Amino acid sequence: YQRRVREHIDFILQSFISLPVEKILSIAQDGSGCWVIEAFLGSSTVPLKLKSRFIDSLQNHYAELALNKTSSFCLSKCFSRSNVKRKDVIAQELLPKIQDLKAVPYGRRVIYDCNLDLYKSKKDEWLKSQSAQDKSAEVIKSFISEIVNEQKKPDEEPKPKTKRKRKRKHRDQIDDIFERKELQENPI
């Protein structure tokens with residue numbers, strides 16, 4: 001059963017990342033569609049390979065995403081889910097549009113999220129900081145997965161659950177009606 005469900009999920013994911021770029025941009029610029037893309041990129045069940053293909057398909061459109069109020073959130077999520085090489089590509093594409101980004105609040109957030117000011121002035125330092133962030137994220141993920149795996153291992157066998165009968169705390173109206181009829185028919 002789970003294998004069939006996984007096959008259906010894989011089919012849906014493949015279909016999603018196979019959409020034409022224009023359609024993906026349209027989805028990203030829609031208020032609800034943006035949430036779908038963010039959920040896709042943030043999901044732990046979506047393989048990293050699919051996320052990477054999806055983010056790569058948006059290349060040459062990163063600035064367009066950044067300059068839209070709604071899709072700028074998608075771009076920030078794409079950036080945060082990318083490796084250093086891909087982050088560098090995104091930053092390179094955004095750099096020529098930095099003045100346009102500074103002109104709008106959501107653009108300033110993209111500049112902050114991508115740390116474009118540091119990229120523009122000290123690219124080597126930016127690359128080091130991005131590498132350090134990636135390594136920190138990997139350490140945290142491995143630590144969390146170890147904890148989860150330890151919790152999944154049962155130290156002792158689970159106790160069997162016993163069914164308990166509940167005592168009636170209240171009487172139903174129907175019980176009251178029948179009791180009254182019995183009293184009327186059979187007086188004590």
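**Notes on an all-helix model**

1. Of the 188 residues in this protein, 29% are buried. Keep in mind that this is a predicted model. The surface adds up to about 14,400 Å² of accessible area, with carbon and sulfur atoms holding 54% of that.

2. On secondary structure, there are twelve helices and zero strands. Looking at contacts with a sequence separation of 6 or more, 61% are between residues 24 or more positions apart.

3. Now the core. The largest nonpolar core counts 36 residues, and Ile-37, Phe-40, Phe-54, Leu-58, Leu-75, Leu-94 and Leu-116 have the most contacts inside it. As a rule, nonpolar side chains in soluble globular proteins tend to be buried together.

4. Leu-94 deserves a click in your viewer. Leaving aside residues up to four places away in sequence, Leu-94 touches Tyr-62, Ala-63, Ala-66, Leu-75, Leu-101, Val-110, Cys-114 and Leu-116. Two of the core residues with the most contacts, Leu-75 and Leu-116, are on that list.

5. Leu-94 also turns up where H6 and H7 pack: Leu-75, Cys-78, Phe-79 and Ser-80 from H6 meet Lys-87, Ile-90 and Leu-94 from H7. By class that makes five nonpolar residues, one polar and one charged. The axes of H6 (residues 71–80) and H7 (residues 84–94) come within 9 Å, crossing at roughly 145 degrees, and the crossing is left-handed.

6. Is Ser-32, in helix H3 (residues 31–42), buried or exposed? Ser-32 counts as exposed, because its relative accessibility is 54% and the cut-off for exposed is over 50%. Its C-alpha atom lies 9.3 Å from that of Thr-70, 38 residues away along the chain.

Definitions and conventions:
Residues are numbered from 1 along each chain as its sequence is written. This is a predicted model: local features need pLDDT of at least 70, side-chain atom pairs count only at pLDDT 80 or more; totals for chains, interfaces and linings use all residues. Side-chain values use heavy atoms; hydrogens and water are left out. Axes are lines fitted to C-alpha atoms, for helices over the stretch in contact, and angles run from 0 to 180 degrees between N-to-C directions. Helices (H or I, at least four residues) and strands (E, at least two) are DSSP runs, numbered from the N terminus. A crossing is left-handed if the near helix is turned anticlockwise from the far one by less than a right angle, and right-handed if clockwise. Contact means heavy atoms within 4.5 Å. Ala, Val, Leu, Ile, Met, Phe, Trp, Tyr, Cys and Pro count as nonpolar, Asp, Glu, Lys and Arg as charged, and the others, Gly among them, as polar. Buried means under 20% relative accessible area, exposed over 50%, partly exposed in between (1.4 Å probe, protein chains only). A nonpolar core is a set of buried Ala, Val, Leu, Ile, Met, Phe, Trp, Tyr and Cys residues joined through side-chain atoms within 4.5 Å. Accessible areas come from the Shrake-Rupley method with a 1.4 Å probe; for residues, only the protein chains shown count as cover.
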